[in-house]
Structure formats: structure tokens, C-alpha cells
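Welcome, and thanks for opening the viewer. Keep the sequence panel beside the 3D window, and we will go from stop to stop together.

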Amino acid sequence: MEPLHIVFASAECAPVAKAGGLGDFVQGLARELIRQGHRVEVVLPRYDCLRLESLVGLEQVPLELRLPYFATTLPCDLYQGRVDGIPCWFIDPRSPQDFFRRGVIHGEPDDPERFTCYAAAVLEFLHRTGRHPDVIHCHDWHTGLVPVLLNEVYQALGLGRTRVCYTLHNLCYQGRVGEGVLRQVGLDARRLMTPERLEDPADPRLVNLLKGGIVYSNSITTVSPGYAREIMATAQGLGLQATLGARADRFAGILNGIDYAVWDPLTDPRIPQPFGRESLAAKARSKQVLRQRLGLAQDPKPLLAVISRLEAQKGVELIRHAILHVLARGGQAVLLGSAQDPRLDRYFRILQRETAASPDCHLELGYDEDLAHLIYAAADLLVVPSLYEPCGLTQMIAMRYGVVPVVRRVGGLADTVFDAHHADRPFAERNGFVFDEPTPEALADALDRALGLWFEHPAYFRQLRLNGMAADHSWAGPARHYAAIYEAIRHPGGEGG
Ligand code: ADP
């Protein structure tokens, strides 16, 4: 394939600007596309909270952009640097509201105005620097206006050959807001506020920025085939089912990769002893070190892990139930979780107190990357009982470290975990335990089957670990898939899916 020129427009790129999985996605895919020979650049806001230590060669570019802003324009400075070998551009609008000097990436009340300003800056940057990328790859609601502005304004200004691929990472966040954001960047609200274009499906007074991205892009993707089906055909589409359904021919679910430079038990510097498929026994050393560190008994018991943000999506009651159930069945349980919601933080602090006396349980409330590595290396089982899960990385990381996942059959979990007993797959592909209903009974059944194999049939359990470790969840395959989509939409008149 001829090398392509791709510009990523995203609110995040790890490690320089990361709030969650979106940042990892952009870093992982961009780096792999570069490795496969493509030209990739990332455009980000110049947040005041950029992690500057992960930026190489940051310098201001002697060019001032002028962004449309209601009846006037905003001057905007431009910086460039490299993040993990990826060329990045940082836009810094001199706005009276200091849009990107808030100490956070997102979560501000005026996020729609902030990212509308950013969307306009992406196009103005391309226009003023004479760039004509084959594809702009946009992400989530923050960039929903990029394809709209391209279509309505910038195609006529010379960007006529550039196409847009738009990736949905989580439909819960749609950017539903008053139509002022359209006027902010000089778009014609009367023309765009129709059911076929940007009008919110639930409230005709609101613009839906995510819908704008879906309607105006040449290709739409999401982060797993399972989630793609769910958001097109079930209530999980959160009002956008029909918008997606009408574009089914250009909509695809592509499973995310994980970063094998970070997540590899053979080379991971954060675990006490490396191990792999040929040296699985060395995993025991990590279990011993973890138990020592957390004050758990060094007994021959199966160790269940939870590594998760603690929020409703993740099935918090089921997480609690899993921990208590495994303890009751003679296992051990470790949780590493961070709760933003004070009520959920309290919920898990109560559980922490309830289990404090047990030598078989430890709950660590907070965010700790080093400890996460050690837990993956040490654990036997990982439970992910999510209510919905667009892709999910923890189950893929866990399998890489010889951990057997117990998951609910939703989204990307259903695409990556295949039940030891009930999968319609050859045995070599079975790697975990899957349950359907979000109930304690269904979860307990799956956990009991897992614990039963651990206690009674260790050779069988070991084979499940090996099966999970053999799967390829690197970015190589997903990046080739994205490149094929870019290639398909690049040709004039072509649409991809
Ligand atoms: P989400 O993006 O919805 O949080 P994913 O499964 O896609 O869920 O990704 C979660 C990532 O965050 C994984 O890399 C996981 O190891 C990490 N993680 C989650 N919670 C914690 C925590 N408390 N401490 C350290 N790492 C965490």
C-alpha cells in the first residue's frame, strides 16, 4: 500500500495528554501506523497540564492562526514537538476564557465551546500550513465539528480531497449543547439544525456534536465489533441507533490493541521476575511479592483481581459480590480501583473495612500503575462484570499476563473472551469464563466454574492461561485494518466501512 498522510484530531494523546483510554488509543495507533510506513501527525490543544517531560523538542512555530469566533476572530499560537516519536502540533488560542488553561483536559462546564474552538483550529491549521492529508482521523464528540467544518467551509478552500474517519469511543458522551457553538465558528445554524444533520434526536433545541461527526464523516468506526452491533441495534445507542443504522455501510467495529512495549511479562521492568508461555511457573514469584506487599497469606489459593475505574459502567455491585464470593469459596481477592464519585468511594471504603481482618483480601483505592503491573503478573483470575464496555483493555492485558478473565458478555469483552465450557470455538481459542445476565447468580456461576477448574483441574486451567497468552492483541492488526479503511475512503467518491 502507498504510504498515507493521516492527521489525528483528538482531545488526548498519551502520555503527554491522557485522561483515559482515548489517549492510549491515539498513541498506540499513531505509533503503529508510523511503523507501518505511513505519515502521521497529531493535533492537540496546548493544555497547561501537558506532561512536558514526555515531549521532545517543543517549540513555537512562527505562524499565528486566526480562528473564527462569533463576529470576530481569535488569535492562536502554534507549537510543535514529538511525543514517543509521533510528530505533534499544539494549538494555543488566545481566548479571553483561557480555554486550555484549566489544569484539566476535559470535564469543564464550557467543554463544548472549548472543543469547538479546537475543532476550528484543526482545520485552520491544515489550511494555513498547506497540508492536504489523505485522512483526518477524528475521535469522540470533541471533534464532531471537524468533518462539518471541512464539508461546509474548508473543502472549498482547498481541502477538497481530504476525507474523514471518525471513531466513537463511548456513546455516553455526545456533546449535546445549544446551537451557539455553531455560530461560534461561523456555521449556519438554520441549515444544520435538521433531523438529518446535527439536531439532537431527543431534544430538537440542541446540537448533538457526536451526531455531526457521524453524519459528515466518510467512515465511522467504534472500538469493537460487539459494541458496534449494540449501539446500532439496542438502547445502548442512546438515541443514535437510527443515525448509525442509516450509515451501516460505512460503519465498522475494530477491536483496539494494547501496547506491547508496556504490557509484556517477558520484558516488563515493573514485575519481579519475567515470565512467558515457556516459563509460566515464574509467575509464582510475582504472586509471592504481591502477597508480601499487601499483607496477604502465602497460601495455595486462587487469586482474583479487579483493576478498574470504579463507576456505574463497571458493575460496582457485581465487583463487590465477586470479591465476597471468591473469599467465601476459599480464594483470595485484590482490588485496585479509583472512584471519582464520592458515593462509590464510600461504598468501597465500607467493603474495605468489612474485609480488613481477612488475610485473603486487600482493597487498594487509588490509581497506581506500578501496582497494576504487579497485580496482572500475580493474579489467576480477573473479573470484569461491566454493564457496558466499548472495548475494555484490562481483560486483554490480563490474558497477556496469564490471567484468566471472568467477564460479562458485552461489547469488546464478548469479542475477546471465549468461555472454557460453552464457547462455539475450538479449545485452543477458549481463554476465560463468560456470563450474560448482570446478576449475582450469573456471576457466581461463572466464578464457581473458574474456581472449580483452578482447584480440581489445574492442567486445564493452565491451558486456559496459555490460550489467552497466545492471542495477538497488539496494534499491528488493528492498524492495518484502519489503513485499509483510510485507503478505501481516500479515492474520490469512495466510502469505507
Ligand atoms: P476504561 O478506559 O473504561 O477505564 P479500559 O479497560 O479500557 O477501561 O482501560 C483501563 C486501563 O486503566 C487499563 O490499562 C487498566 O490497567 C488501567 N487502570 C484502571 N484502573 C486503574 C487503577 N486504579 N490504577 C492503575 N491502573 C488502572
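A residue counts as buried when its relative accessible area is under 20%, as exposed when that area is over 50%, and as partly exposed in between. Keep in mind throughout that this is a predicted model.

**Stop 1: the cysteines**

Start by selecting C76 and C117. The structure holds zero disulfides, and C76 is in none: its nearest cysteine sulfur belongs to C117, 6.7 Å away. Is C76 buried or exposed? With a relative accessibility of 0%, C76 falls under the 20% cut-off and therefore counts as buried.

Now add C172 and C391 to the selection. C172 is in no disulfide either, and the nearest cysteine sulfur, that of C391, is 16 Å away. The relative accessible area of C172 is 40%, so this cysteine is partly exposed.

**Stop 2: the ligand**

Next, select the ligand and show the residues around it. How many residues surround the ligand? There are 16, and the closest are R309, K314, G366, Y376 and L393. By character, the shell divides into seven nonpolar, six polar and three charged residues.

Colour the secondary structure and look at where the shell comes from. At least two shell residues are supplied by each of β12 (303-309), β13 (332-338), α12 (369-378) and α13 (394-400).

Three distances are worth displaying here:

- From K314, a polar side-chain atom lies 2.8 Å from a ligand oxygen.
- From D368, a polar backbone atom is 3.1 Å from a ligand nitrogen.
- From L393, a polar backbone atom is 2.8 Å from a ligand oxygen.

Switch on the surface for a moment: the ligand taken alone exposes 570 Å², and the protein buries 87% of that.

**Stop 3: helix α12**

Stay with one of the elements that supply the shell, α12. Which residues of this helix are buried? They are L371, A372, H373, L374, I375, Y376, A377 and A378. That makes eight of the 10 residues in α12, so the helix is mostly covered.

To see what covers them, show the neighbouring elements. The buried residues of α12 pack against α9 (283-294), β12, β13, β14 (361-365), β15 (381-384) and α13.

Then zoom to the start of the helix, where you meet D368 again. There, a side-chain oxygen of D368 comes within 3.2 Å of the backbone nitrogen of D370.

**Stop 4: R408**

Select R408, which sits in strand β16 (residues 404-408). Its relative accessible area is 12%, which means that R408 is buried. Now add S386: the two residues are 22 apart along the chain, and their C-alpha atoms are separated by 6.3 Å. The R408 side chain also reaches the backbone oxygen of S386, at 3.3 Å.

Expand the selection to the contacts of R408. Among them are V384, P385, S386 and L387, as well as V434, F435, D436, E437 and P438.

**Stop 5: D134**

For the last stop, select D134 in the loop that lies between α2 (111-128) and β6 (135-139). Is D134 buried or exposed? With a relative accessible area of 17%, D134 is buried.

Show H5 as well, and draw the distance from the D134 side chain to the backbone nitrogen of H5: 2.8 Å. Beyond its close sequence neighbours, D134 touches L4, H5, R161, T162, R163 and R490.

Note on methods
Residues are numbered from 1 along each chain as its sequence is written. This is a predicted model: local features need pLDDT of at least 70, side-chain atom pairs count only at pLDDT 80 or more; totals for chains, interfaces and linings use all residues. Side-chain values use heavy atoms; hydrogens and water are left out. A residue is near a molecule or strand if one of its heavy atoms lies within 4 Å of it. A polar contact is a pair of N or O atoms within 3.5 Å; within protein, one must be able to donate a hydrogen and the other to accept it, and residues adjacent in sequence count only if both atoms are side-chain atoms. Accessible areas come from the Shrake-Rupley method with a 1.4 Å probe; for residues, only the protein chains shown count as cover. Helices (H or I, at least four residues) and strands (E, at least two) are DSSP runs, numbered from the N terminus. Ala, Val, Leu, Ile, Met, Phe, Trp, Tyr, Cys and Pro count as nonpolar, Asp, Glu, Lys and Arg as charged, and the others, Gly among them, as polar. A disulfide is a pair of cysteine sulfur atoms within 2.5 Å. Buried means under 20% relative accessible area, exposed over 50%, partly exposed in between (1.4 Å probe, protein chains only). Contact means heavy atoms within 4.5 Å. Lists of a residue's contacts leave out its neighbours within four places in sequence.
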